[in-house]
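I opened this model to look up its pocket, its salt bridges and a few single residues, and I kept notes as I went.

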Amino acid sequence: MATDEVTLPLVDLSGYINPQQPGDKERVIAEVRDACAKYGFFQATGHGIPLGQQKGMLKSINTLFNMPVEEKRKLSFLKNPCRRGYEESGASLRDGDPLPDSKEAYYIGREDPVVEHSGFYGPNVWPPLPEEEFRNPVWEYYQSTHHLGQLIWEILLLGLGHPVSLMEEFAKRPMVVLKMIRYPPHRSDLPGQFGVGPHTDFGGITVLLQEAGKHGLQVWHEGLEQWLPVKAAEDIYIINCGDMIGKWSGGQYKSAKHRVINAADNEPRLSCATFFHGDLFATNPLNPSDPNRETVGALLVKRFRNQFSFDKELIAAVGAPA
Ligand SMILES: O=C(O)CCC(=O)C(=O)O
Ligand SMILES: [Fe+2]
């Protein structure tokens, strides 16, 4: 089978969000479960995020990255105690990759008044742009995708036969990170150059908005041992599971490898990923009787301790290995 004949399942979430007849919710739960079990990814319509909000978000991303590079550098996430702000192109290199990612990114998270727990909670860095052009639309979008990410978690719990009430603990003060991304045009003269190199997402649910027509995302299909190109279509979200879900579901849901090679002809590509991880101190809701009481925080510390420092109290509180 050629890869262009295989596409990710398309799930209409409106049957869950706004059911019209008996069986609508159950059908969505089954479709999401099957997609996440087989691919770890699906495409979503009927997600409830207004198209105007999606377009507004892409416009804000464009405005942000069009700022002069010296201005963007002043907002570097490396200088921020909560790891919020700007990541320059070339700053991210995975072990084994020949070249760093060409993408540039900007991180927004929960808006808490003071820095707590080694910066997992705290205030955002807002660029010096008019609020109506950036902060307001971005914050509105953050809340919408926060809500959608939580809803997908809920559906995944139901898919494994667990009650939605488990979300109360899990989503008490959830770690939700929004990452705005701009990929420069792909350079075919640089072999091994990716927008984002092959990786799995480390955390919970990812809710991905792509700029319509700017293709480039590819998902690894284990059975075919091939990369499946994923179309960037208007008003269709891409949803995928990260390693936390792969591990905590005992492999029932997959965390699939993916990468980005900007396929737009000599043009940049914009996207926006919202990662819904869960409360820092919450444990596995996908298997409430999991004897391993691993927390969301322990997984996040493990993932980032090479890059950032975390204080001892936090490491002990989330139960990460010292
Ligand atoms: O931009 C995309 O299409 C995907 C981005 C991605 O995989 C990531 O940021 O983890
Ligand atoms: Fe990813």
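The entries below follow the order of my look-ups.

**Conventions.** I worked on a predicted model, in which local features need pLDDT of at least 70 and side-chain atom pairs count only at pLDDT 80 or more, while totals for chains, interfaces and linings use all residues. Residues are numbered from 1 along each chain as its sequence is written, and side-chain values use heavy atoms, with hydrogens and water left out.

**Pocket.** I looked up the largest pocket (on a 1 Å grid over the protein atoms alone, an open set of points where a 1.4 Å probe fits, with protein on both sides within 12 Å along at least five of seven lines), and its space comes to about 1100 Å³, a volume being the space filled by probe spheres set on grid points joined across faces, edges and corners. The lining (residues with an atom within 4 Å of a point) has 48 residues, of which Y107, K179, F202, R303 and F304 are the closest to the pocket centre. By class, I noted 24 nonpolar, 13 polar and eleven charged residues in this lining, where Ala, Val, Leu, Ile, Met, Phe, Trp, Tyr, Cys and Pro count as nonpolar, Asp, Glu, Lys and Arg as charged, and the others, Gly among them, as polar. Strand β5 gives the most, with six residues; helices (H or I, at least four residues) and strands (E, at least two) are DSSP runs numbered from the N terminus.

**Salt bridges.** I searched the whole structure for salt bridges (a side-chain nitrogen of Lys or Arg within 4 Å of a carboxyl oxygen of Asp or Glu) and found 20. K72 pairs with E104, with the closest N and O atoms 3.0 Å apart, and this pair links helix α4 to strand β4 across 32 residues. K72 is buried at 5% relative accessibility, and E104 is buried at 9%, given that buried means under 20% relative accessible area, exposed over 50% and partly exposed in between (1.4 Å probe, protein chains only). E87 bridges to K103 at 3.8 Å between the closest N and O atoms, and salt bridges that share partners join E87, R94, D101 and K103 into one network.

**Positive phi.** Most residues other than glycine have a negative phi, and I therefore checked for exceptions. S118, in the loop between β4 and α5, has a phi of about 55 degrees and is buried, whereas E225, in the loop between β8 and β9, has a phi near 50 degrees and is exposed at 59%.

Technical notes. Chains lettered and ligands numbered in written order.
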